[in-house]
Amino acid sequence: MEENDRMEVIILMKGNHNMIMADHLVKTFIKNEKKNRKSEIKAVDDISLTVREGEIVGILGPNGAGKTTLLRMMSKLMRPTDGQVSIRIGAEEITDEIEIKRYIGYLSNNTKLYGRLSTRELLQMLGTIYGIREKTVEERIAQISQVLSMDAFLDNRIEKLSTGQTQRASIARCLVHDPQVYIFDEPTLGLDIISSAAIIDFMKRERERGKTVLYSTHYMEEAEYLCDRIVMIHHGRIISEGTPGELRSKTGQNSLRDIFSGLILSADGSKEGLFGNGELQDDIVSAGSGAAGGMSRQTAKREGMYDER
């Protein structure tokens, strides 16, 4: 078996124990240096986490921490160098890569849409691709349009939409097949308050429907308000995780922004970070040392023509 074949996404139906799990995920890129030399960059370095049904988990980290690479592996869009992702949703085991995507809705922060189509036409096309009955597709479009407040522009060409409207159209694309797991990479980036609120309210409603939500953000207040648990990563490794309350208890800080800054300083080798908390320092020192550095696939390609490994 080749190394890349180690990754399987498995869907197991186990009653009310739906979840998505990452088990020791690693993603390595090979950088082509001068004089035919190569070096390894670990974008994700041995990350394990579980997100359960009815739970929103936020992935926080500075630029280059490995957030996008992690989410792409968990959505089955990128093969890890090592490790496994598994999804539990029902009583049947599914290993087919195309079939698995029926259960996941993935949104990146740079999703490209067909500009000459309207949002309605895009959703109709995707419904056909997913093999959904025409009547069901139309019902889903009506529901999605109401939830995301899209009635006013549902039949306008996507290329004519505002930034916030286009992002809502992108999210609608993820919903037409009614997935069990949502994986969103910075869904509110650059949006106005109204568009951001619509997306945040949508994620809260989906959590109450028992859906699983995993998403990344740079907005600390948003994460503090929305997330049941927060996972902070730096240099491709988890440096701390827990509920907002647990993170406050660990650090003695009330602001998630201060917690985040202190954890990053501690992971980078500051003796006391911002906290002077020896127990916390012990928890994260191994994460900060020994990681080769986090980098998304797009950044890797842009900055050094990296090869995947």
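A residue counts as buried when its relative accessible area is under 20%. In this predicted model, histidine 177 has a relative accessibility of 12%, and therefore belongs to the buried group. Its place in the chain is the loop that runs between α5 (163-175) and β7 (181-185). From this loop, the side chain of histidine 177 reaches the backbone oxygen of isoleucine 104, at 2.9 Å. Isoleucine 104 is also one of the residues that histidine 177 touches, when residues up to four places away in sequence are not counted. The others in that set are Lys101, Arg102, Gly105, Tyr130 and Ile132.

Attention can now turn to the charged side chains. The structure holds 14 salt bridges. One of them pairs glutamate 55 with arginine 229, with 2.8 Å from N to O. This pair ties together distant parts of the chain, as glutamate 55 sits in strand β4 (residues 55-60) and arginine 229 in strand β9 (residues 229-234), 174 residues apart. Are the two partners buried or exposed? Glutamate 55 is buried because its relative accessibility is 11%, and arginine 229, at 15%, counts as buried too.

The salt bridge between arginine 157 and glutamate 159 offers another setting, with the closest N and O atoms 3.1 Å apart. Here arginine 157 has a relative accessible area of 36% and so is partly exposed. Glutamate 159 is likewise partly exposed, its relative accessible area being 42%.

A further salt bridge joins arginine 209 to glutamate 206, and their closest N and O atoms are 3.0 Å apart. Arginine 209 is partly exposed at 47% relative accessibility, whereas glutamate 206 is buried, with a relative accessible area of 6%. These two residues do not stand alone: through salt bridges that share partners, Arg140, Asp178, Glu206, Arg209 and Lys211 form one network.

The nonpolar interior comes next. The largest nonpolar core contains 45 residues, and the members that touch the most others are Phe184, Met203, Met232 and Leu256. Helix α9 (residues 256-267) gives the most to this core, contributing 6 residues. Both domain 1 (2-103 + 184-254) and domain 2 (111-178) supply at least three residues each to this core. Around phenylalanine 184, leaving aside residues up to four places away in sequence, the contacts include Leu71, Gly105, Leu107, Ile171 and Cys174. Also touched by phenylalanine 184 are Phe202, Met203, Leu214, Tyr215 and Ser216. Another core, of 27 residues, lies apart from the largest one, and Leu71, Met74, Val85 and Val181 are among its members.

Helix α9 itself deserves a closer look. At 1.5 Å a residue, its 12 residues should span 16 Å, and the end C-alpha atoms are indeed 16 Å apart, so expectation and model agree. Which residues of α9 are buried? They are Leu256, Ile259, Phe260, Gly262, Leu263, Ile264, Ser266 and Ala267. As a helpful rule for reading such a list, an α-helix has 3.6 residues a turn, so residues three or four places apart point the same way. At the N-terminal end of α9, serine 255 acts as a cap, with a side-chain oxygen 3.1 Å from the backbone nitrogen of arginine 257.

Conventions. Residues numbered from 1 in each chain as written. Predicted model: local features only at pLDDT ≥ 70, side-chain atom pairs only at ≥ 80, totals over all residues. Heavy atoms only, no water. Helix = DSSP H or I, 4+ residues; strand = E, 2+ residues; numbered from the N terminus. Buried < 20%, exposed > 50% of the residue type's maximum accessible area, 1.4 Å probe, protein only. Polar contact = N/O pair within 3.5 Å; in protein donor to acceptor, adjacent residues only side chain to side chain. Contact = heavy atoms within 4.5 Å. Salt bridge = Lys/Arg side-chain N within 4 Å of Asp/Glu carboxyl O. Core = buried A, V, L, I, M, F, W, Y, C linked by side-chain atoms within 4.5 Å. Domains from an automatic or database assignment. Expected span 1.5 Å × (residues − 1).
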